[in-house]
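Take a moment with the model below before reading on. The paragraphs that follow walk through it step by step.

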Amino acid sequence: MMKILIASHNVHKIKEFMQIFESTPIHLVSLKELNDHDEVEETENTFTKNAILKAKYFAKKYRMPAISDDSGLAVDYLNGRPGVHSKRYAGGNDYDNNVKLLNELKGIENRDAHFMSVVALYYPDCSYKTYQGVVYGTIGHELKQIDAFGYDPIFYPKGYNQSFAELGHLIKNEISHRALALKKVKEDLDEIINHK
Ligand code: IMP
């Protein structure tokens, strides 16, 4: 079975990766299993470059293929913000980010937004491939289920009248930006397994 390292410490992302790759011939290894606490600083200004940065670091360190996700939320009214700065938008935690966004959209009718994910798969031979996924939706007016990941409590995917947080992982892992990017990875499974 081929082993690929998940280049992330984010427990929500790791869970999503594991669920999506269940019953494939790929065994995903987490940094936790390796007792690795290294943080890769996201110094780039695009999701793609940051995703490559993270996967490259761990692929080189462990000489094994590594997979990463760099993702974020882009709000139309805010000209694409928070974008690559989604994680630390308010300088605090996920709850603070949600509150800041809701305040910025107070009284605003156009609440269109999308989540974007770029997944990078980086091999020890320095070759790599990136995969993108996007999910469109709207920002709600209040927080639903505050203990959920990131902006899940306030993001309503198109066609649903519940937030990502309320929809739960079964639906989220079918339609989310990261799920869509990872589905593209799965389409490349033969190529990945046979990578020399
Ligand atoms: P990254 O670790 O730099 O990719 O941070 C991505 C940030 O974007 C997260 O910390 C969240 O704030 C946000 N984000 C990305 N994907 C999701 C998601 O699926 N749900 C909610 N928020 C997300």
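Start with a charge and a ring. Lys100 lies over the face of Tyr89, and the distance to the ring centre is 4.1 Å. This is a predicted model, so every value here is computed from it.

Now turn to the sheet. Strands of a sheet pair through backbone hydrogen bonds, either parallel or antiparallel. Here the sheet is open and has six strands. Their order is 2-1-3-4-5-6, and the pairing is mixed. Strand 2 and strand 6 (155-157) are the edge strands, each pairing on one side only. From one strand to the next, the twist averages 35 degrees. Strand 1 and strand 2 run parallel, joined by five bridges. Take Met2 as an example: its bridge partner in strand 2 is Ile26.

Helices pack on this sheet. Helix 4 (residues 164-175) touches strand 4, strand 5 (128-139) and strand 6. The direction of helix 4 makes about 45 degrees with that of strand 6. Helix 5 also packs on the sheet, touching strand 3 (66-75), strand 4 and strand 5. Its direction makes about 150 degrees with that of strand 5.

Next, look inside. The largest nonpolar core has 20 residues. Which of them touch the most other members? They are Phe21, Leu28, Ile67, Leu182, Val185 and Ile192. Several elements give two or more residues to this core: strand 1 (2-6), helix 1 (11-21), strand 2 (26-30), strand 4 (112-122), helix 5 (177-187) and helix 6 (189-193). Apart from this core lies another, of 18 residues. Among its members are Tyr89, Leu102, Phe155 and Phe164.

Ile67 deserves a closer look. Leaving out residues up to four places away in sequence, Ile67 touches, among others, Ile4, Ile6, Phe17 and Leu28. Val119, Leu121, Leu182 and Val185 are also among the contacts of Ile67.

The aromatic rings come next. A pair of aromatic rings is described by the distance of the centres and the angle of the planes. There are five aromatic pairs in the model. One of them, Tyr122 with Tyr128, is stacked, at 5.6 Å centre to centre and 5 degrees between the planes. Are these two residues buried or exposed? Tyr122 is buried, because its relative accessible area is 5%, under the 20% limit. Tyr128 is partly exposed, at 46% relative accessibility. The rings of Phe155 and Phe164 have centres 5.2 Å apart and planes at 45 degrees, so this pair is tilted. Phe155 and Phe164 are both buried. Ring pairs link these two with Phe115 into a cluster.

A lysine is buried too. Lys54 is found in helix 2 (residues 47-62). Its relative accessibility is 8%, so Lys54 counts as buried. Not counting residues up to four places away in sequence, Lys54 touches Ala7, Lys13, Val40, Glu42, Ser68, Asp69 and Asp70.

Finish with the backbone in the loops. A cis peptide bond joins Arg81 and Pro82, with omega about 0 degrees. Pro82 is in the loop between strand 3 and helix 3 (94-104). Asn79 has its place in the loop between strand 3 and helix 3. Asn79 is not a glycine, yet its phi is positive, about 55 degrees. With a relative accessible area of 75%, Asn79 is exposed. Ser23 sits in the loop between helix 1 and strand 2. Phi of Ser23 is near 55 degrees, a positive value in a residue other than glycine. Ser23 is exposed, with a relative accessible area of 82%.

How values were computed
Residues are numbered from 1 along each chain as its sequence is written. This is a predicted model: local features need pLDDT of at least 70, side-chain atom pairs count only at pLDDT 80 or more; totals for chains, interfaces and linings use all residues. Side-chain values use heavy atoms; hydrogens and water are left out. A nonpolar core is a set of buried Ala, Val, Leu, Ile, Met, Phe, Trp, Tyr and Cys residues joined through side-chain atoms within 4.5 Å. Buried means under 20% relative accessible area, exposed over 50%, partly exposed in between (1.4 Å probe, protein chains only). Helices (H or I, at least four residues) and strands (E, at least two) are DSSP runs, numbered from the N terminus. Contact means heavy atoms within 4.5 Å. Rings of Phe, Tyr and Trp (its six-membered ring) pair if their centres lie within 6.5 Å; planes under 30 degrees apart count as stacked, over 60 as edge-to-face and the rest as tilted. A charge sits over a ring if NZ of Lys or CZ of Arg is within 6 Å of the ring centre and within 35 degrees of the ring normal. Two strands pair if DSSP finds at least two bridges between them. Axes are lines fitted to C-alpha atoms, for helices over the stretch in contact, and angles run from 0 to 180 degrees between N-to-C directions.
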